[in-house]
Amino acid sequence: MAEANKQSQAGQFDVVIIGAGISGMYQLYRLRELGFSVQVYEAGTGVGGTWYWNRYPGCRFDSESYSYGYSFSDEILQEWEWSEHFAAQPETLRYLNFVADKLDVRKNIQFNSRVRSARYDEAANLWTIELEDGSEASAPILVSATGPLSAPQMPAIEGVDSYQGEAYHTGLWPHGEDGFSGKQVDYANKRVGVLGTGATGVQVIQEVAKTAGELFVFQRRPNWCAPLHNSEIDPKTQTEIKRSYPEIFKICHESFGAFMHKMDERSALEVSDEDREAFFEKLYAEPGFGIWLGNFSDILSDQKANDLISEFIARKIRERVKDPAIAEKLIPKDHGFGIRRVPMETHYYEAYNQDNVTLVDLQESPIERITPAGIKTTDKEYELDVLIYATGFDAVMGALNRIDITGIGGQKLKDKWASGPKTFLGMQTVGFPNLFTLVGPHNGSTFCNIPRCIEQNVDWLTGLITYMRDHKLAHSEPSPDAEAQWTKHVAETAEATLFPTANSWFMGLNDNIPGRDKPVFMLYAGGMPKYREKCQEVADKGYRELNLE
Ligand SMILES: Cc1cc2nc3c(=O)[nH]c(=O)nc-3n(C[C@H](O)[C@H](O)[C@H](O)COP(=O)(O)OP(=O)(O)OC[C@H]3O[C@@H](n4cnc5c(N)ncnc54)[C@H](O)[C@@H]3O)c2cc1C
């Protein structure tokens with residue numbers, strides 16, 4: 001893998017982009033092709049973002065591979081071959097490097113360069129970013145492509161630094177020798193602890209359980225999981241996929257979350273018990289997110305409908321886990337199915353039938369502290385050789401909050417958003433002119449098959465930046481009214497769902513971060529078609545909601 005060295009490319013550009021994941025690479029390419037001078041700063045030593053950092057065992061996406069790649073280049077679509085329906089991390093990182101080669105984007109990316117601060121100079125209409133090494137670069141336009149799940153979060157547990165064994169955070173997994181996969185850790189004959197049972201924790205647990213001497217799963221709260229049903233793509237299917245890309249992207253374009261799964265228009269409450277059961281069984285047996293995002297239209301918005309799918313999944317868990325007491329511990333009681341991000345699994349529940357796997361229920365016996373030897377709960381101390389933190393991220397706002405961003409009049413973005421984000425289209429915020437947040441909070445791409453929505457975000461922003469150039473406009477900032485209306489609309493979309501009933505990162509809650517105990521919806525739950533339509537309307541009407549000067 002070509003990994004560029006850090007070289008000083010500080011200077012002044014038309015556009016500075018922070019982050020070289022799927023968003024940053026595509027935004028760079030689009031603007032560069034239109035003649036803008038663009039520079040990307042990336043903390044990692046290579047492209048790929050999520051797929052560069054998350055190299056933990058079992059890491060893969062839950063979007064169908066062929067729906068996850070970029071759609072804008074027929075050449076890339078036809079040349080790349082996904083080997084599985086749901087590709088694993090090394091393959092996705094290979095893919096993103098293949099794209100980086102094709103588009104020749106590395107020459108405009110400075111790697112190993114974490115942006116520490118960004119400051120807007122009102123008089124000069126210029127953003128100046130400062131890297132951790134103190135070097136600076138400026139541009140009138142600053143685009144954050146810093147990712148929704150890119151700020152790894154350690155648990156707020158006493159003694160976390162005292163542990164003496166091997167320890168890994170899933171989002172900072174060390175690199176393997178081939179340049180694409182993660183370091184291979186030998187778990188045989190070792191006592192391994194996994195802290196966290198979200199989407200990442202589930203992937204790690206089912207993988208590590210295969211070889212670990214003993215695996216202790218420390219579960220604070222169970223999540224509702226559903227089978228992924230991954231498989232290899234055979235040559236005939238490969239040909240069919242390549243032939244049908246237009247249809248694949250059409251399905252994504254029209255569906256709520258830009259996935260290959262469309263919600264069924266029926267209510268779960270209007271069909272007979274037999275029909276409902278048969279439909280749930282069918283979805284449970286099918287690959288991917290269909291059970292979540294291709295289910296009856298009201299399972300995420302009507303408590304009674306949600307209770308029905310939750311009861312169905314609970315029954316499946318009881319069938320799959322032999323020990324009824326363990327099965328009960330794995331069934332969430334505090335929220336319904338799909339109201340938090342659904343971890344997709346492969347033999348996850350069966351792992352708890354193995355002799356080498358122990359579920360430690362932290363509701364029964366909370367962790368007192370992490371010790372030099374392992375984890376001490378109120379019940380006992382678990383001595384561990386390897387401790388894996390699957391404790392996730394400071395989601396959605398985290399990467400932005402970790403940059404000291406200062407707008408007009410010295411206002412900090414972090415302060416402005418302290419009690420929740422306020423945005424227009426999840427793209428801009430008042431007081432921070434020319435700062436654009438791809439996949440930012442309140443943005444349609446947050447509850448989405450993200451690359452599909454990244455392309456929409458980037459294309460829309462490219463349209464705006466080009467419009468500004470064509471009309472000799474140098475300054476874009478939403479009106480306070482536009483921001484207030486969008487922020488209100490975002491809250492309304494959440495209130496129409498059951499999302500506010502759960503403690504989740506969708507709601508901005510994180511037990512590991514002080515002050516993040518008040519629910520504020522971070523995503524956009526109006527669906528991608530509605531979001532795209534609104535963005536298009538804003539563009540068609542000459543960006544009236546933005547003060548363009
Ligand atoms: C384990 C996992 C599984 C996922 N599975 C799916 C899935 O199935 N389907 C789906 O749609 N989405 C999935 N996602 C979400 C995934 O993040 C997005 O799909 C997508 O990768 C986001 O791309 P991005 O370019 O916007 O952000 P990222 O890929 O996160 O890239 C952001 C980049 O910005 C860089 N950066 C951040 N801060 C700074 C800074 N201060 N200075 C310099 N560089 C910085 C980071 O190093 C990173 O490289 C998953 C995420 C994870 C973590």
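A residue belongs to the shell around the ligand if its C-beta atom, placed from the backbone, lies within 6 Å of the ligand. The structure examined here is a predicted model.

**Exercise 1.** Determine which helix supplies the largest share of the shell around the ligand, and describe the shell by class.

*Solution.*
1. Three helices, α1 (22-33), α2 (50-53) and α16 (450-470), each contribute at least two residues to the shell.
2. The largest share, 3 residues, is that of α1.
3. There are 34 residues around the ligand, and those that come nearest are Gly19, Gly21, Gly49, Phe61 and Gly147.
4. Divided by class, the shell holds 17 nonpolar, 14 polar and 3 charged residues.

**Exercise 2.** Decide whether α16 is roughly parallel or roughly antiparallel to α18, and identify the residues in contact.

*Solution.*
1. Two packed helices are described by the angle and the distance between their axes.
2. The axes of α16 and α18 (residues 528-540) cross at roughly 5 degrees and come within 11 Å.
3. Angles under 35 degrees count as roughly parallel; α16 is therefore roughly parallel to α18.
4. On α16 the contact involves Cys453, Gln456, Trp460 and Gly463, and on α18 Met528, Arg532, Cys535 and Ala539.
5. These residues comprise 5 nonpolar, 2 polar and 1 charged.

**Exercise 3.** Establish which strands stand at the edges of the sheet β14-β15-β16.

*Solution.*
1. The sheet is open, has 3 strands in the order β14-β15-β16, and pairs in the antiparallel sense.
2. β14 (367-370) and β16 (381-383) each have a single partner strand, so they stand at the edges, with one side of each lacking a neighbour in the sheet.
3. β14 pairs with β15 (residues 374-377) over 3 bridges, and Ile367 stands opposite Thr377 in β15.

Notes: Residues numbered from 1 in each chain as written. Predicted model: local features only at pLDDT ≥ 70, side-chain atom pairs only at ≥ 80, totals over all residues. Helix = DSSP H or I, 4+ residues; strand = E, 2+ residues; numbered from the N terminus. Nonpolar A, V, L, I, M, F, W, Y, C, P; charged D, E, K, R; others polar. Axes fitted to C-alpha atoms, helices over the stretch in contact; angles between N-to-C directions. Parallel < 35°, antiparallel > 145°, perpendicular 65-115°, else oblique. Contact = placed C-beta atoms within 7 Å. Pairing = 2+ DSSP bridges.
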